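Grab your viewer and work through these exercises at your own pace. Each one comes with a worked solution, so try it yourself before reading on.

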Amino acid sequence: MADDTFMGVKRDKIDWSPTIDYSKCDFCMECDKFCPHHVFERRDDDPKLVVANPHNCVVFCRACAKTCGPDAISFPSKPETIAAIKKIREQEDGQ
Ligand code: SF4
Ligand code: SF4
């Protein structure tokens, strides 16, 4: 997945993935059951769910947040992420 690009930028340079608010999460695992991209990983210890593969997350997807009853999943700002991607492209074009 690390070789994937989005808007001409390598995926692993783009900061887009879910963040779990552990003060809200009840570890129902609905987000993990829903997402086919192996972004989340279940653990035997605490916390029982982590965002283990953030760069597997599809840029600008927020779908798993809709499965989360306690509203424990958040994402970066889309406009800020677009601006960051454009900046990386400008820097790469200038090299
Ligand atoms: S759906 Fe929400 S509450 Fe359930 S495990 Fe995922 S983050 Fe936690
Ligand atoms: S936002 Fe989409 S791709 Fe990313 S973890 Fe959630 S369901 Fe999977």
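**Exercise 1: the shell of ligand 2**

Task: list the residues around ligand 2, then sort them by class.

Solution. Start with the list: Pro18, Phe34, Cys35, His37, Val39, Cys57, Val58, Cys61, Arg62, Ala63 and Cys64 surround ligand 2. Keep in mind that you're working on a predicted model. Next, sort them: 9 are nonpolar, 1 is polar and 1 is charged.

**Exercise 2: the shell of ligand 1**

Task: find which residues come nearest to ligand 1, and work out how its shell divides by class.

Solution. The shell of ligand 1 holds 14 residues, and the nearest are Cys25, Cys28, Glu30, Cys31 and Cys68. By class, you should get 11 nonpolar, 1 polar and 2 charged residues.

**Exercise 3: the core**

Task: which residues make up the largest nonpolar core, and what does Ala72 touch?

Solution. First, the core: Ile14, Trp16, Cys31, Val39, Phe40, Cys57, Cys64, Cys68, Ala72 and Ile73, 10 residues in all. As background, nonpolar side chains tend to be buried together in soluble globular proteins. Now compare with the ligand shells. Cys31 and Cys68 from this core are also among the residues nearest to ligand 1. Val39, Cys57 and Cys64 from the core turn up around ligand 2. Finally, take Ala72: leaving out residues up to four places away in sequence, Ala72 touches Ile20, Asp21, Lys24 and Cys25. Of the protein's 95 residues, 12% count as buried.

**Exercise 4: the overall layout**

Task: write down the order of helices and strands, and estimate the span of the C-alpha trace.

Solution. Count the elements to begin with: there are 2 helices and 6 strands. Reading from the N terminus, they run β-β-β-α-β-β-β-α. The C-alpha trace spans about 45 × 25 × 20 Å along its principal axes. For the contact pattern, take pairs at least 6 apart in sequence: 60% of those contacts join residues at least 24 apart.

**Exercise 5: helix α2**

Task: check the span of α2 against the expected value, then decide whether the helix is buried or in the open.

Solution. Helix α2 covers residues 78-93, which is 16 residues. From first C-alpha to last it reaches 22 Å, close to the 22 Å expected at 1.5 Å a residue. Then look at burial: the number of buried residues in α2 is 0, so the helix lies largely in the open.

**Exercise 6: Thr5**

Task: place Thr5 in its element and decide whether it is buried or exposed.

Solution. Thr5 sits in strand β1, residues 5-6. It has 11 C-beta neighbours inside 10 Å, so Thr5 counts as exposed. Setting aside neighbours within four places in sequence, Thr5 is in contact with Lys10 and Arg11. For a longer-range check, go to Lys78: the two residues are 73 apart along the chain, and their C-alpha atoms are separated by 17 Å.

**Exercise 7: backbone oddities**

Task: look at the backbone angles around Pro47, Phe60 and Asp71.

Solution. Take omega first: Asp46 and Pro47 are joined by a cis peptide bond, with omega about -5°. Pro47 lies in the loop between β4 (40-42) and β5 (49-51). Now phi: Phe60 isn't a glycine, yet its phi is positive, about 75°. Asp71 also has a positive phi, near 60°. Phe60 lies in the loop between β5 and β6 (73-74), and Asp71 lies in the loop between β5 and β6 too. Last, exposure: Phe60 counts as partly exposed, because it has 13 C-beta neighbours inside 10 Å. Asp71 has 11 other C-beta atoms within 10 Å, so Asp71 is exposed.

Notes
Residues are numbered from 1 along each chain as its sequence is written. Chains are lettered from A and ligands numbered from 1 in the order in which they are written. This is a predicted model: local features need pLDDT of at least 70, side-chain atom pairs count only at pLDDT 80 or more; totals for chains, interfaces and linings use all residues. A residue is near a molecule or strand if its C-beta atom, placed from the backbone, lies within 6 Å of it. Ala, Val, Leu, Ile, Met, Phe, Trp, Tyr, Cys and Pro count as nonpolar, Asp, Glu, Lys and Arg as charged, and the others, Gly among them, as polar. A nonpolar core is a set of buried Ala, Val, Leu, Ile, Met, Phe, Trp, Tyr and Cys residues joined through C-beta atoms within 7 Å. A residue is buried if 20 or more other C-beta atoms lie within 10 Å of its own, exposed if 12 or fewer, and partly exposed in between; C-beta atoms are placed from the backbone. Two residues are in contact if their C-beta atoms, placed from the backbone, lie within 7 Å. Helices (H or I, at least four residues) and strands (E, at least two) are DSSP runs, numbered from the N terminus. The expected span of a helix is 1.5 Å times one less than its number of residues.
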